[in-house]
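Please look through the sequence and the coordinates before reading on. The paragraphs that follow begin with one residue and then widen the view to the chain and its ligands.

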Amino acid sequence: MPTDCNHCALCCRYVNVPPFTYRDGDAPPEPLRREIETFEQSRRLANVFDTCIWLDPDTLRCRHYEDRPRACRNFELDGATCRDMRRIAKMDETPRH
Ligand code: SF4
Ligand code: SF4
């Protein structure tokens, strides 16, 4: 079972933008909100789908970890969805360092 997220980031790969709800305080600080809005406008034009724009492709870590959405804070390491994603992606059961 995974005990940390090192070299995984699967749950950051299919959302395109940080999944804020923009309700009950779940929203990014203003400069980061503008970054998201700018991307969404360009995506509408280019029809681009990729990993979350906050995922650092080199470190596979969130670039704005302290400001990440509630859904990301609540996503459970080694929870059912985490395990399903890793199983489907055929990732090792043990974390890689
Ligand atoms: S899928 Fe699981 S192990 Fe991978 S980054 Fe997300 S929470 Fe971490
Ligand atoms: S943790 Fe960061 S990089 Fe991953 S989906 Fe959430 S906002 Fe995006």
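**From one loop residue to the whole chain**

Asp78 is exposed, because 12 other C-beta atoms lie within 10 Å of its own, and a residue counts as exposed if that number is 12 or fewer. The model in which this is seen is a predicted one, and the values discussed here are to be read with that in mind. Asp78 sits in the loop between helix H2 (70-74) and H3, and although Asp78 is not a glycine, its phi is positive, at about 70°. Most residues other than glycine have a negative phi.

A second residue with a backbone angle of this kind is found in another part of the chain. Ala9, again not a glycine, has a positive phi of about 60°, and it belongs to the segment that comes before helix H1 (30-46). Is Ala9 buried, partly exposed or exposed? With 17 other C-beta atoms within 10 Å, Ala9 is partly exposed, because this class covers the counts between 12 and 20.

The loop that holds Asp78 leads on to helix H3, which spans residues 80-88 and is hardly covered, since the count of buried residues among its 9 residues is 0. After H3 comes Lys90, whose phi is likewise positive, near 55°.

Seen as a whole, the protein chain has 3 helices and 2 strands, and along the sequence these elements follow the pattern α-β-β-α-α. Of its 97 residues, 8% count as buried. Among the contacts between residues at least 6 apart in sequence, 72% join residues at least 24 apart.

The ligands can now be placed against this background. Which residues come nearest to ligand 1? Of the 11 residues around ligand 1, these are Cys5, Cys8, Leu10, Cys11 and Cys82; Cys82 falls within the span of helix H3, residues 80-88. By class, the shell around ligand 1 consists of 10 nonpolar residues and 1 charged residue, with no polar residues.

Ligand 2 has around it Cys12, Val15, Pro18, Cys52, Trp54, Leu55, Cys62, Arg68, Pro69 and Cys72. By class, 9 residues of this shell are nonpolar and 1 is charged, while no polar residues take part. The charged member is Arg68, and the cysteines count among the nonpolar residues in this scheme.

Terms used: Residues numbered from 1 in each chain as written. Chains lettered and ligands numbered in written order. Predicted model: local features only at pLDDT ≥ 70, side-chain atom pairs only at ≥ 80, totals over all residues. Helix = DSSP H or I, 4+ residues; strand = E, 2+ residues; numbered from the N terminus. Near = placed C-beta within 6 Å. Contact = placed C-beta atoms within 7 Å.
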